Amino acid sequence: MKREKIAIIGIGEVPTGFFPERSCKEIAMQTSLEAIQDAGIDKNEIDTILVTGALSDRMSFEIHMATGRMIEELGLGNRVKTNACIFSGGSSSANTLKIAEGLIRAGRANVILCIHADKLGTCGTPEQVENILRNAVFCPEWEIPYGINGVVLCDWIMNRYIYETGTTLEQIAAVVESNRKWARLNPHAAFRDEISVEEVMKATILTSVSTSAHFQTYTDGGSAFIVTSAERAKEAPKPVYVLGMGSRCINSIITTCPDITRFSYKEAAEEAYEEAGLTPKDMNFAQIFEWYAIMQLIVFEELGFAERGKAGEYFAAGKCAPGGEMPVNTNGGILAQGHTGAGGGYALLIEAVRQLKGQAGERQIPNARYGLYTSSGGSFFDCHVTILGNDSAAL
Amino acid sequence: MNRIADNKPRPEVQRWSKKFWESTKQGKLSVQKCMDCQQYIFPPRLVCPNCLSENVEWVVISGRGKVWTFAALEPAGVPRLFKDDFPYVPALIELEEGVRMASHVIQCDPTDVYIGMPVEVVFEKLDDEFTLPKFKPLIK
């Protein structure tokens, strides 16, 4: 029996960057209003609100949101049945979609508004922000006392991946170059200047294999999307269907991850392709979750777009950049659009939907029909692959 | 005098991992072992994650292993609170018993560290409460 699918009918996003005057509540409102307008619905049709909390302002934002702030702001009192926060770090968007699907299939919801907002770019000094993230990602007993942080984690993955595949530092640097080329075309991206492979390699040298250009920068940002049943979505102007979802939860800290050069993206992807009845060849783009350049190579291969160890050649040849045969991270990805905490996965989902709605402006992929996005929380403790399409024939 | 080391993060110990830290103070590396399914367990758990048995005991292990992966830091990549420790190489050590442990490779030139490098445990006193296991090249 075929399962009834869900669809995303509206999206909203604010520019990512450094906006000290813009509060999380303001981001939540701006993106929600844009998503409602984009979906072409009456706001009173919304019967469920799912919010992913801000790391920068966890208590205040989540408590306000969980106790109905958006219901008041949008005048939905006595209409909404479910209002709750869903959080799993960078994979929050994928888990929100799964929960939305369950609520819709169970008949408990018809139209669901999903929101993320954060202010990691301006909520404190870089060291304060680093500490917020450190405690969310690394183990306070077995990792933090050894100074294990993002730089170490990235190098652990890079050194092992280079050892197993022979990938070069130039090929890894080409990922950053490719992301920035896309960001140049994205007015919402925080880092829009182009950067060459040579410049990536000459940035501040942090270790034997990585420079400051391999890493994310924390920024303010947020987005919203509206989910409904595929059936109900057919009335919307440009519905984007969720055709397949695959996931694996692996571990809680990087030290206990069995394979840090593969994770479980292969298993998650196979599940998603099977549900969608599609293959890697059917995809017109991939939005890959990463806050280190190296992760894009690993996930690209595990998704079936290149053989093990060959992803570097794709990026180095410009095949994943604008005009290339397999576009990757058309919003610039987390590296170039900016890292907004749990919002990286939101931004990649929004970009996938935007491409499939034909609303990506200068970076629009011509005739995009199918695409996927991935997401992951913490120090890559889970792997989510979500396949989307604008073709109702694929339902 | 407020030394940098005084501000370094201390392990946040769980009730069921106390024995690990008592052991390192005595110069021994101990991990749990499930007496039902024989699996070595690290980090410490309340029950065996493989078979959920509560029949879990602490065993002293060899302290020998290999570098599974590493990060050869340059000065700009060293966290502020760890400047006094530099040079050191944060590494994932795969111990002979099969479990992996995050630690530092020390007592060698960082450029000499490689994947598969044989290492053995050394104990470094952080303060009266904590002694951290670290690793040095194994000289055969």
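A residue counts as buried here when its relative accessible area is under 20%. Keep that cut-off at hand as we walk through this predicted model, since several of the residues below are judged by it.

Let's begin with how confident the predictor is. For the complex it reports an ipTM of 0.96 and a pTM of 0.96. In chain B, the mean pLDDT is 95, and 96% of the residues reach 70 or more.

Now turn to the aromatic rings. Over all chains there are 18 aromatic pairs. One of them joins W142(A) to F42(B), edge-to-face, with 4.8 Å from centre to centre and 70° between the planes. This pair crosses between chains: W142(A) sits in the loop between α5 (126-137) and α6 (150-165) of chain A, while F42(B) sits in the loop between β2 (40-41) and β3 (56-60) of chain B. W142(A) and F42(B) are both buried. A second pair, F263(A) with F380(A), has ring centres 5.7 Å apart and planes at 65°; edge-to-face pairs need planes over 60 degrees apart, so this one is edge-to-face too. F263(A) belongs to the loop between β6 (240-249) and α10 (265-276) of chain A, and F380(A) to the loop between β8 (370-375) and β9 (382-389) of chain A, so their pairing ties together parts 117 residues apart in sequence. With a relative accessibility of 7%, F263(A) is buried, and F380(A), at 1%, is buried as well.

Back at the W142(A) and F42(B) pair, there is a wider group to look at. These two residues belong to one aromatic cluster together with F20(B), W21(B) and F130(B).

Rings also meet charges in this model. In chain B, the charged end of R100(B) sits over the ring of W68(B), 3.6 Å from its centre. In chain A, K319(A) lies over the face of Y314(A), at 4.9 Å from the ring centre.

Finally, follow chain A to helix α14, residues 343-357. How far apart are its end C-alpha atoms, and what span should its 15 residues give? At 1.5 Å a residue the expected span is 21 Å, and the end C-alpha atoms are 21 Å apart, so the two agree. As for its surroundings, 15 of the 15 residues of α14(A) are buried, so the helix is largely enclosed by the rest of the structure. Just after α14(A) comes G358(A), which takes a positive phi of about 75°.

Terms used: Residues numbered from 1 in each chain as written. Chains lettered and ligands numbered in written order. Predicted model: local features only at pLDDT ≥ 70, side-chain atom pairs only at ≥ 80, totals over all residues. Heavy atoms only, no water. pLDDT = per-residue confidence, 0-100. Helix = DSSP H or I, 4+ residues; strand = E, 2+ residues; numbered from the N terminus. Expected span 1.5 Å × (residues − 1). Buried < 20%, exposed > 50% of the residue type's maximum accessible area, 1.4 Å probe, protein only. Phe/Tyr/Trp six-rings, centres within 6.5 Å; stacked < 30°, edge-to-face > 60°. Lys NZ or Arg CZ within 6 Å of the ring centre and 35° of its normal.
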